[in-house]
Amino acid sequence: IFPSLAQAQASVANEVYQELGQPSVFLFCPTEYCSSLCSPSPSKSCYLLTLGQELLPGIGIIWTGPKVVSRELSATLLEEVEGVLQRRPVIWDNLYANDYDCRRVFLGPYTGRAPGLMPRLRGLLLNPNCELQANFIPIHTLGSWFQSELRSCDHPDHEGMETATALEDNQGTQEGSYSPQEALELALLDWVAEINRQALEPGR
């Protein structure tokens with residue numbers, strides 16, 4: 001019936017979306033959900049181009065970044081993806097995911113995400129460690145990143161943000177921008193306080 005996989009998927013997704021009354025949150029995960037799965041690239045992928053044209057504009061499209069587990073997310077990549085999908089992507093962030101190797105647990109701060117990304121996102125989902133308690137620092141520092149992004153949205157200066165990103169590796173974090181190290185230290189203080197609080201509960 002359909003000339004391509006993308007058109008088949010878009011048709012089914014559109015029908016379900018409309019049948020459900022076009023809910024405010026309706027997410028579609030494409031077969032090509034990161035740059036490494038695109039052929040030859042996101043901007044030249046016939047599959048993604050078709051989805052961008054065929055999917056109804058109210059449907060959010062999930063994207064994980066350059067790879068399935070992306071160490072970095074840049075505004076340049078998100079701009080390219082937005083152009084192809086004709087909408088801002090919903091980032092499914094696998095930075096902390098360990099369901100593919102449960103011998104590993106990721107406890108570091110939320111990092112590798114350039115400042116000024118929020119205006120290019122429709123949303124962000126964090127795929128956490130499988131172990132519940134191991135996610136205190138990831139979620140806490142994600143909150144710090146989010147608050148920093150909100151402040152930058154109140155005072156937009158994208159050119160300045162890009163400059164800050166370029167300088168960060170050599171000169172440290174710019175004043176007022178998100179600092180993974182500072183976010184980690186705040187998270188550790190709150191985590192220790194939470195552990196101490198739980199230790200005092202009856203039956204602990």
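These are my notebook entries on one protein chain, looked up in a predicted model.

**Entry 1: How far to trust it**

I began with confidence. The average pLDDT of the protein is 89, and 89% of the residues score at least 70. One stretch made me pause: residues 158-173 have a pLDDT below 50, though the model still gives this stretch 16 contacts beyond near neighbours in sequence. Where pLDDT is low, predicted coordinates should not be read in detail. I left that stretch alone.

**Entry 2: The parts list**

Next I listed the elements. I found six helices and four strands in the protein. Walking along the sequence, I wrote down the pattern α-β-α-β-α-β-β-α-α-α. I then looked up burial, and 38% of the 204 residues in the protein are buried. The outside came next: about 11900 Å² is exposed, and carbon and sulfur atoms supply 55% of that area. I also looked at how far contacts reach along the chain. Of the contacts between residues at least 6 apart in sequence, 74% join residues at least 24 apart.

**Entry 3: The sheet**

In what order do the four strands of the open sheet lie? I traced them as β1-β2-β3-β4, with parallel pairing. Which strands stand at the edges? They are β1 and β4; each has a single partner strand, so one side of each lacks a neighbour in the sheet.

I went through the pairings one by one:

- β1 and β2 are parallel and share two bridges; here F28 has I61 in β2 as its bridge partner.
- β2 and β3 are also parallel, over two bridges; here W63 has I91 in β3 as its bridge partner.
- β3 and β4 pair in the parallel sense over four bridges, and W92 stands opposite L125 in β4.

Then I followed the chain between strands. From β2 the chain crosses through α3 to reach β3, and this β-α-β crossover is right-handed.

I stayed with β2 (residues 60-63) a little longer, to see whether its faces are covered. Both of them are: G60 and I62 are buried on one side, and I61 and W63 are buried on the other. The chain arrives at β2 from β1 by way of α2, in a β-α-β crossover that is right-handed.

**Entry 4: Helix α3 and what follows**

I looked at α3, which spans residues 75-85, and found A75, L77, L78, V81, V84 and L85 buried there. Right after α3 comes Q86, and its phi is positive, near 60°.

**Entry 5: A serine in a loop**

Where is S35? I found S35 in the loop between β1 (27-28) and α2 (46-54). Is S35 buried or exposed? With a relative accessible area of 19%, S35 is buried; the cut-off for buried is under 20%. I then looked up the contacts of S35, leaving aside neighbours within four places in sequence: they are P42, W63, G65, P66 and L77. Two of these names were already in my notes: W63 belongs to the buried residues of β2, and L77 to those of α3.

**Entry 6: Aromatic pairs**

How many aromatic pairs are there? I counted three, using ring centres within 6.5 Å as the rule. I looked at two of them closely.

The first one on my list is Y110 with W145. Their ring centres are 5.5 Å apart and their planes meet at 70°, so this pair is edge-to-face; the cut-off for that label is over 60 degrees. The pair links distant parts of the chain, with Y110 in the loop between β3 (90-93) and β4 (123-126) and W145 in helix α4 (residues 136-154), 35 residues apart. Y110 is buried, at a relative accessible area of 0%. W145 is buried too, at 3%.

The next one is F136 with W191, a stacked pair with 5.7 Å from centre to centre and 5° between the planes. This pair also links distant parts of the chain: F136 is in helix α4 and W191 is in helix α6 (residues 180-199), 55 residues apart. F136 counts as partly exposed at 25% relative accessibility, and W191 counts as partly exposed at 22%.

Technical notes. Residues numbered from 1 in each chain as written. Predicted model: local features only at pLDDT ≥ 70, side-chain atom pairs only at ≥ 80, totals over all residues. Heavy atoms only, no water. Phe/Tyr/Trp six-rings, centres within 6.5 Å; stacked < 30°, edge-to-face > 60°. Buried < 20%, exposed > 50% of the residue type's maximum accessible area, 1.4 Å probe, protein only. Contact = heavy atoms within 4.5 Å. Areas by Shrake-Rupley, 256 points an atom, 1.4 Å probe, with all protein chains shown as cover. Pairing = 2+ DSSP bridges. Right-handed = clockwise from strand over helix to strand, strands pointing away. pLDDT = per-residue confidence, 0-100.
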